[in-house]
Protein chains: 2
Amino acid sequence: MTLHAFDDALQLTAQGSGQYQGLTSPAWWNMVGPFGGVTAAVALQAIMLHPERLGDPISLTVNYASGLVQGAFAVSAQAVRTNRSTQHWLVTLSQTDAQGASAVVLTATAITAVRRDTWSANDLPMPIVPPPEGLVRTHPPAGTVEWLNRYDMRLVSGPIPSRWDGGAASPDPALASLSQLWVRDDPARTLDFAALAALADVFFPRIWLRRAVMVPVGTVSLTVYFHATAAQLRETGNGYLLGQARGQAFCNGYFDQAGQLWSAAGHLLATTHQLVYYKK
Amino acid sequence: MTLHAFDDALQLTAQGSGQYQGLTSPAWWNMVGPFGGVTAAVALQAIMLHPERLGDPISLTVNYASGLVQGAFAVSAQAVRTNRSTQHWLVTLSQTDAQGASAVVLTATAITAVRRDTWSANDLPMPIVPPPEGLVRTHPPAGTVEWLNRYDMRLVSGPIPSRWDGGAASPDPALASLSQLWVRDDPARTLDFAALAALADVFFPRIWLRRAVMVPVGTVSLTVYFHATAAQLRETGNGYLLGQARGQAFCNGYFDQAGQLWSAAGHLLATTHQLVYYKK
């Protein structure tokens, strides 16, 4: 039985307390290095595998210091503080170059927590959109980046521009950089925290939609807040999630994006934000 | 000449490469420990003071591992990766207890960057609200937490409930946990990155507004994306900023909040998110 491509990318070999070795996967390749979502998932996976982990992830912030090169990487995940119901983590990914020098390629912080049943509410109800079954799957053009083939995406609104003519998508700022899509792993895979972290990064760069100009970009920081328990994620199964993202401020080389991921049943599973470099 | 209370809280004594010693300030006291905004500002200040800093902050994420107790704390700020135009930081704050044991009370990651002039845009225009001069300053009731006296706040919408009767503020989920206010340091102080980081945390807990129930709360993670250069902050001077915050998901003990801070001229200076513990 072959491993699912996502589980393959998440394979880490323990090498001591909180120290792991991993290997980049060609199945997840982006323009430069692996898809940022899968690298965020690897950082989280080091915590998930840690024998001293308390509770489940509630917050993850990943800063991308450099694109990963193909090959091995080292992960260090340290619980720097353990409270009664919360635990605070520092994670770094490093790679060793041909000269034997090790360099940090990613830093992350995370919080895991034991949750209790409390009053709960959702102030961002799922937008009313057509169900995924009635929508056409968006097939990336041949020759584009490999990781796009790892997801079944069905666009609802805010497509990648078909003409790179510098025309704004919408004169309304609330819609100008908004995309909505149904998405799930392909092949289907039961949802867990690592997969949800990766899904938080599936949106194409908002600035491409906003400007219809394909400027070079790269995410520098990604935060995911998890609003579901492990049991709730399992209950979501391998169904489609509705993802929504929009740009906020675009200023002198960096823009930020706010996003949400709902289960098809309308549960807001995660909210996410990222800061993205753009060249011009 | 006495130091401004904010500058006083930010005083750090260098003790070696990236190592600093600080002291909590009674002027900034919250329920348990100092106001989280000023502690975030201290973490950023350690980076601002670092002799090897490259560029200005674009992103800061602070995880609160514990309330600080009154007294001394140690700050460690390390540049773990320096690229051509970006630099990646790990910061920890620690305190030593009566038994001499040191414990981490805060972790942070940040990115500083040298910005270039590029195409820029704002997809979150400032809401149209009455100017601060025409609004009454919100004076905290006598005996409430001290740090509230450090800000001149003028509420536009979404006040702290006057009756804690469990009644939701609004049946519309888009408004139920929304607050807007004008805010500036008191005494006035020219805006900088540290002050902006602190201002990102001035909003009272969204769950109090949402439920009109005063449940115990505590921010566990705060992210600030800076969308302005140091020069743009200086140009803002010591004027009021318009702050806006709303809750997103409230689930099993944790809720998240998204916020924005505009200059009075309508420049979106920062976007911010936080995850907050609530007891029930």
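**Exercise 1. Salt bridges within a chain**

Task: In this predicted model, identify which residues are linked with A:Arg137 in a network of salt bridges.

Solution. Step 1: The network in chain A consists of A:Arg137, A:Asp152, A:Arg154 and A:Asp186.

Step 2: Turn to chain B, where the side chains of B:Asp152 and B:Arg137 form a salt bridge whose closest N and O atoms are 3.8 Å apart. The cut-off for such a pair is 4 Å, so 3.8 Å satisfies the rule.

Step 3: Locate the two partners. B:Asp152 belongs to strand β8 (residues 151-157) of chain B, while B:Arg137 sits in the loop between β7 (121-122) and β8, so the salt bridge ties together parts that are 15 residues apart in sequence.

Step 4: Assign the accessibility classes. B:Asp152 has a relative accessible area of 5% and is therefore buried, whereas B:Arg137, at 22%, counts as partly exposed.

**Exercise 2. A salt bridge between distant parts of chain A**

Task: Determine which residue forms a salt bridge with A:Asp7, and state where the two partners lie.

Solution. Step 1: The partner is A:Arg189, and the closest N and O atoms are 2.8 Å apart.

Step 2: A:Asp7 is part of helix α1 (residues 5-9) of chain A, and A:Arg189 is found in the loop between β9 (179-185) and α3 (193-199) of chain A. The pair links distant parts of the chain, 182 residues apart.

Step 3: Is A:Arg189 buried or exposed? Its relative accessible area is 13%, so A:Arg189 is buried. A:Asp7 counts as partly exposed because its relative accessibility is 25%.

Step 4: Place this pair in the overall count: the rule gives 18 salt bridges over all chains.

**Exercise 3. The interface of chain A and chain B**

Task: Describe how chain A and chain B are related, how many residues make the contact, and which side chains meet in a salt bridge with A:Asp123.

Solution. Step 1: Superposing chain A on chain B takes a turn of 180° and a shift of 0.0 Å along the axis, with an RMSD of 0.0 Å. This is the relation of a two-fold axis. The same surface serves both copies, since 100% of the contact residues of chain A recur in chain B.

Step 2: Each side is then counted: 65 residues from chain A and 65 residues from chain B take part in the contact. The buried area is about 5,700 Å², and carbon and sulfur atoms give 54% of this area. A:Trp119, A:Asp123 and A:Asn252 supply 14% of the area that chain A buries against chain B, more than any other three residues.

Step 3: The rule finds two salt bridges across the interface. In one, B:Arg210 meets A:Asp123 at 2.6 Å, N to O.

Step 4: Consider the classes of the partners. B:Arg210 counts as buried at 15% relative accessibility, and A:Asp123 is buried with a relative accessible area of 1%. B:Arg210 lies in helix α4 (residues 206-211) of chain B and A:Asp123 in the loop between β7 (121-122) and β8 (151-157) of chain A, so the pair joins two chains.

Step 5: Consult the predictor's scores. The complex receives an ipTM of 0.97 and a pTM of 0.98. Chain A has an average pLDDT of 95, and 100% of its residues score at least 70.

**Exercise 4. Strand β5 of chain A and its partners**

Task: Establish which strands pair with β5 (residues 86-96) of chain A, and in which sense.

Solution. Step 1: β4(A) (residues 72-82) pairs with β5(A) in the antiparallel sense over eight bridges. Within this pairing, A:Ser76 has A:Thr92 as its bridge partner. Three residues separate the two strands of this hairpin.

Step 2: On β6(A) (residues 102-113), eleven bridges join the strand to β5(A), again antiparallel. A:Gln95 has A:Ala103 as its bridge partner there. The hairpin has five residues between the strands, and A:Gly100 takes a positive phi near 85°.

Step 3: β5(A) is mostly covered, with ten of its eleven residues buried.

**Exercise 5. The surroundings of B:Thr236**

Task: Decide where B:Thr236 is placed and which residues are in contact with B:Thr236 beyond its neighbours within four places in sequence.

Solution. Step 1: B:Thr236 is in helix α5 (residues 230-236) of chain B.

Step 2: Its relative accessibility is 19%, and the limit for buried is under 20%, so B:Thr236 counts as buried.

Step 3: The contacts in question are with B:Leu191, B:Leu241, B:Ser263 and B:Leu269.

How values were computed
Residues numbered from 1 in each chain as written. Chains lettered and ligands numbered in written order. Predicted model: local features only at pLDDT ≥ 70, side-chain atom pairs only at ≥ 80, totals over all residues. Heavy atoms only, no water. Least-squares fit on C-alpha atoms with pLDDT ≥ 70 in both. Contact = heavy atoms within 4.5 Å. pLDDT = per-residue confidence, 0-100. Buried < 20%, exposed > 50% of the residue type's maximum accessible area, 1.4 Å probe, protein only. Helix = DSSP H or I, 4+ residues; strand = E, 2+ residues; numbered from the N terminus. Pairing = 2+ DSSP bridges. Buried area = accessible area lost by both parts, 1.4 Å probe.
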